[in-house]
Amino acid sequence: MIAVVGHHDLTAPTLALLEEELRSRLAGRARAGRAGLVRAGQGLPVAFGRAARAAGLALVTVLPARRGLPAHVAEPDRQAAGELLLLSQMVRLVEYDPADRASCITADEALVRSCGRLLAVWDGSPSNGRDATAHLVAYARSHGVDVEVVWPRGAEHRGDPPATAPARPATARGTAKSPKPGTFTQKRIPT
């Protein structure tokens, strides 16, 4: 399983760069029978979902749940969650509140623990009160998850609300490695 985390405030041109970069990185993994894992939301999750689908990689989308049932996904993430569900072969329900930052970080930590490789869309900056990317990279490494940093030349992020995922361009690479952890239970969505 390959998961993705990254800055929530990526610019639209950066999301276009990333979609193509991620597609090329995921193509070989699709041939190896791997699957992609993403927590529903706008911006990077949608770019990853589109890239996974274009690369032929099976996609698993994590949705919020309350007491074992799907929870309400509020705007601005509702439309993105809908697109991700259309792109996905499976869904995983995880107990978390999408309106609570700490709850989302806990859900992301569970996502990280359940994958063998993490693609981190990260410029190397430290975590702050809004962005937990550096924390999640350190968390993955401390749990033996391979981390591949993706930050294409020309990529940017800002302090505004998350951008929506557009289409194309790409370049750049950066990697760091560690061993593999466990997996999780998932539910198949009829297609």
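**A tour from R29 to helix α2**

At 17% relative accessibility, R29 counts as buried, because the cut-off for that class is under 20%; keep in mind, as you select this residue, that the model is predicted.

Next, add E148, whose side chain meets that of R29 in a salt bridge with an N to O distance of 2.7 Å. Since E148 lies in strand β7 and R29 in helix α1, the pair ties together parts that are 119 residues apart in sequence. E148 has a relative accessibility of 6% and therefore counts as buried as well.

Keep E148 selected and bring in R25, with which E148 forms a further salt bridge, the closest N and O atoms being 2.5 Å apart. This pair also links distant parts of the chain, with E148 in strand β7 (residues 146–150) and R25 in helix α1, 123 residues apart.

Now move to D108 and R39, whose side chains meet in a salt bridge at 2.7 Å, N to O. D108 belongs to helix α4 (residues 101–113) and R39 to strand β2, so this contact ties together parts that are 69 residues apart in sequence. Both D108 and R39 are buried.

To finish, select residues 44–55, helix α2, where the end C-alpha atoms are 16 Å apart, in agreement with the 16 Å that its 12 residues should span at 1.5 Å a residue. Of these 12 residues 9 are buried, so the helix is largely enclosed by the rest of the structure; among the buried ones are L44, F48 and A55. Show what covers them, including β1 (2–6), α1 (12–31) and β3 (58–66), and then step to G56, just after α2, which takes a positive phi of about 85°.

How values were computed. Residues are numbered from 1 along each chain as its sequence is written. This is a predicted model: local features need pLDDT of at least 70, side-chain atom pairs count only at pLDDT 80 or more; totals for chains, interfaces and linings use all residues. Side-chain values use heavy atoms; hydrogens and water are left out. Helices (H or I, at least four residues) and strands (E, at least two) are DSSP runs, numbered from the N terminus. The expected span of a helix is 1.5 Å times one less than its number of residues. Buried means under 20% relative accessible area, exposed over 50%, partly exposed in between (1.4 Å probe, protein chains only). Contact means heavy atoms within 4.5 Å. A salt bridge is a side-chain nitrogen of Lys or Arg within 4 Å of a carboxyl oxygen of Asp or Glu.
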